[in-house]
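The following exercises concern a predicted model. Each task is followed by a solution in steps.

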Amino acid sequence: MAPSSPSNALLSATNDPPIPAENAAVSLSRVTRVFGVTPALVRVDLEVPRGEVLLVRGPNGAGKSTLLAVLATALSPTYGSGAVLGFPLDRGRDEIRRRTELIGHATRLYEDLSGRENLRFWARLTGADDARVDAALEIVGLGAAADDRVRGYSQGMRQRVAVARATLREPDLLLLDEPYAGLDDEAKEAVDGLVARTAARGATVVLATHDPTRGGAAGRTLYMDAGRIVPDPTGGVRR
Amino acid sequence: MTLVRQVGMIAAKDLRIEVRGRHAFGTILPFAATLLVAFGLSIGPGRTLLQQTAPGLLWLAMLFASVLAFRRSYESEGEDGALEGLLLAPIDKAAVFLGKAAAVALQLVVLWVALLLLVAALFDVSLGGDAGVVVAACLLGTIGLAAVGSLFGVLTESPRAREAVVPLLVLPLAVPVLLSGVKATSLALAGLGSQASGWLGLLVAFDVVFLSAGTLVFEHLLED
């Protein structure tokens with residue numbers, strides 16, 4: 001159960017009308033993240049309403065991955081505050097983690113376990129239904145290689161297992177950081193399917209990708225550069 | 001999900017990876033055996049001197065070999081960012097520490113059996129007299145070493161850490177284990193096992209301190 005939220009609406013960084021705090025999946029206020037002396041996020045204000053599919057675009061080093069890592073609570077903000085799914089980033093990590101799934105650059109697989117063993121381990125650890133493992137592997141087209149060790153998988157196959165892992169649970173917030181990298185068209189479709197299914201059940205999706213052919217399901221696009229949210233550099237000519 | 005079940009899942013996963021990779025038997029055991037032989041050769045052929053130094057050499061070989069086991073335990077977590085997965089999993093982070101410590105401890109127990117047999121053969125040492133005290137010292141020392149190694153092994157996955165961080169932190173902290181283990185084993189091999197209770201007590205205290213500390217602070221080492 002979400003903690004009581006402040007009744008005042010939180011201000012949005014964009015020109016959109018403010019979102020009541022209780023309806024916000026993500027609410028960041030002047031969040032800054034610094035690595036050593038290098039800022040990766042600079043005073044980011046962001047509001048994402050529940051159920052939205054948000055596309056995040058920007059060049060390498062723009063801060064997209066750091067933003068998603070902060071939302072997943074893998075990284076803490078150096079300054080600023082925020083809440084995810086109604087839980088504060090600093091005190092609500094456990095609650096956020098129960099409700100969030102991050103697919104990042106690293107696929108977080110154990111090389112000496114098979115794809116099936118990896119998924120079973122994560123399913124048991126996260127309280128997901130063990131019986132969904134086989135179906136998840138079939139969805140991403142890895143049924144035949146499920147018992148092979150991950151060490152022998154290509155990068156695309158590893159990414160497919162990561163996508164399959166995200167289907168084991170039904171997170172309220174799905175965070176995808178360059179999920180199409182190294183994937184063939186069939187696997188990209190599997191990622192799109194995951195985004196579509198997640199959005200269809202009313203959950204929130206934040207998708208960071210360079211791939212200009214993807215992200216069609218997004219209701220809004222956020223542009224980042226040098227750790228800041230910036231206006232649409234294309235002037236709306238292309239997404 | 002209970003903490004015990006989470007610990008069991010982490011330990012089972014680590015042991016499965018170890019069995020698949022055969023790191024303990026393929027690398028750590030030959031390393032420890034080589035150390036023992038090298039120590040023995042450096043001391044010379046004197047039978048009495050070999051028997052007197054056997055406990056110290058045994059524990060030194062075990063200590064150095066255990067550092068490899070700690071390193072390996074976290075290597076599998078760092079290969080593809082799996083440690084971040086454990087961080088983000090909705091589990092008690094103490095389970096990660098205790099699970100990894102349990103898995104390492106089981107590997108070290110296997111290593112103890114092999115090294116004790118090797119010492120008995122190479123140094124002509126009889127383990128029969130106060131074998132219970134030797135076994136107790138080895139088990140208690142194993143728990144302590146596994147606790148220290150699993151606590152600080154996670155630092156090797158820090159972006160700013162270097163591989164040397166584990167031996168630099170673990171070896172000095174493990175001195176009480178080394179000292180107590182050597183003393184208790186020496187007394188037992190001399191047939192004076194009844195006098196080893198103080199040293200065994202020190203090992204128990206060390207285990208309690210580091211298991212408690214690890215359970216309490218591991219989350220802070222794991223978190224950003």
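**Exercise 1.** Determine which residues V7(B) touches beyond four places in sequence, and decide whether V7(B) is buried or exposed.

*Solution.* Step 1: leaving aside residues up to four places away in sequence, V7(B) touches A95(B), L98(B), G99(B) and A102(B). Step 2: V7(B) itself is found in helix α1 of chain B, which spans residues 3-21. Step 3: the threshold for a buried residue is 20 or more other C-beta atoms within 10 Å. Step 4: V7(B) has 22 other C-beta atoms within 10 Å and is therefore buried.

**Exercise 2.** State how far apart the C-alpha atoms of V7(B) and T34(B) lie.

*Solution.* The two residues are 27 residues apart along chain B. Their C-alpha atoms are separated by 33 Å.

**Exercise 3.** Describe the side of chain A that touches chain B.

*Solution.* Step 1: the contact involves 23 residues of chain A and 20 residues of chain B. Step 2: on the chain A side, the elements giving two or more residues are α2 (93-99) and α3 (115-126). Step 3: α3(A) supplies the largest share, five residues. Step 4: by character, this side of chain A comprises 11 nonpolar, five polar and seven charged residues.

**Exercise 4.** Assess the confidence of the prediction for chain A.

*Solution.* Step 1: the average pLDDT of chain A is 86, and 89% of the residues score at least 70. Step 2: over residues 1-15 of chain A, pLDDT stays under 50. Step 3: for that segment, residues 1-15 of chain A, the model has 27 contacts beyond four places in sequence.

Definitions and conventions:
Residues numbered from 1 in each chain as written. Chains lettered and ligands numbered in written order. Predicted model: local features only at pLDDT ≥ 70, side-chain atom pairs only at ≥ 80, totals over all residues. Helix = DSSP H or I, 4+ residues; strand = E, 2+ residues; numbered from the N terminus. Buried ≥ 20, exposed ≤ 12 C-beta atoms within 10 Å, placed from the backbone. Contact = placed C-beta atoms within 7 Å. pLDDT = per-residue confidence, 0-100. Nonpolar A, V, L, I, M, F, W, Y, C, P; charged D, E, K, R; others polar.
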